[in-house]
Amino acid sequence: MQFIVVLGRLLFIVLIYLYLFRVLTALMGDLQFKGIRNGEQEYGRLEVLSGGELLPKGRAFRIEGKGLKLGRGKHNDVVLADHFASIDHALIRYKKGVTTIEDLGSTNGTWVNGERIHSSVQLVAGDYVKIGSITFQYSRWQNESSKL
């Protein structure tokens, strides 16, 4: 009789652990579904506010650890089909908790919040970045509202 009681308790403990395992795997699956991926860091995003046919309004570009290079050249992370954009126009980087944008010597300049930048400038959530006729808005993460 005592053997059955001990076996019942062990079975109950195993069932509790299986239940907790199932809950944790469901949570991890939900987090991955919502865009939070293991090992991949997102350091912000640029959302297109006004662009052209190739960059429709609302399209977002993730800023990752390697940065985000913008320009007219096909080798860039964000290819800008705009005659006022240079082949290598701007670079966005994330370093030590700070996201910055730097103009790469473009002819027509990179504009942040209506001001032309001449050196590396820190981006803050809600900043507007304009390259040629294309306007982006910077946000820190996916669910941050673009209407700040």
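Which residues have the most contacts inside the largest nonpolar core? Keep that in mind as you go through these close-ups of a predicted model.

**View 1. The largest nonpolar core, with its best-connected residues.** Here's the reply to the opening question: Leu46, Leu70, Leu80, Ile92, Ile101, Val129 and Phe136 have the most contacts inside this core, which has 21 residues. Several strands chip in, with at least two core residues each from β1 (45–50), β3 (68–71), β5 (90–95), β10 (128–131) and β11 (134–139). The largest share, 3 residues, comes from β11.

**View 2. Leucine 70 and its contacts.** Let's zoom in on leucine 70, one of the core residues with the most contacts. Setting aside neighbours within four places in sequence, leucine 70 touches Leu46, Leu80, Ile92 and Phe136, among others. Its contacts also include Asn76, Val78, Asp88, His89, Ala90 and Ile131.

**View 3. Alanine 60 in strand β2.** Now hop over to alanine 60, which sits in strand β2 (residues 60–62). Is alanine 60 buried or partly exposed? Its relative accessible area is 31%, so alanine 60 counts as partly exposed. Beyond residues up to four places away in sequence, alanine 60 is in contact with Arg45, Leu46 and Glu47. If you look for glycine 44, 16 residues apart from alanine 60 along the chain, the two C-alpha atoms are separated by 10.0 Å.

**View 4. The salt bridge between lysine 66 and aspartate 77.** Side chains of opposite charge can pair when their charged atoms come close. The structure holds 4 salt bridges, and in this one the side chains of lysine 66 and aspartate 77 meet at 2.9 Å, N to O. Lysine 66 is in the loop between β2 and β3, while aspartate 77 is in the loop between β3 and β4 (78–79), so the pair ties together parts that are 11 residues apart in sequence. Lysine 66 is exposed, at 63% relative accessibility, whereas aspartate 77 is partly exposed, at 36%.

**View 5. The salt bridge between lysine 69 and aspartate 88.** In this pair, the closest N and O atoms are 3.7 Å apart. Lysine 69 belongs to strand β3 and aspartate 88 to the loop between β4 and β5, so this salt bridge links parts that are 19 residues apart in sequence. Lysine 69 is partly exposed at 27% relative accessibility, and aspartate 88 is partly exposed at 28%.

**View 6. The salt bridge between arginine 93 and glutamate 102.** How far apart are the closest N and O atoms of arginine 93 and glutamate 102? They're 3.9 Å apart. Arginine 93 is partly exposed, with 44% relative accessibility, and glutamate 102 is partly exposed, with 27%.

Note on methods: Residues numbered from 1 in each chain as written. Predicted model: local features only at pLDDT ≥ 70, side-chain atom pairs only at ≥ 80, totals over all residues. Heavy atoms only, no water. Helix = DSSP H or I, 4+ residues; strand = E, 2+ residues; numbered from the N terminus. Buried < 20%, exposed > 50% of the residue type's maximum accessible area, 1.4 Å probe, protein only. Contact = heavy atoms within 4.5 Å. Core = buried A, V, L, I, M, F, W, Y, C linked by side-chain atoms within 4.5 Å.
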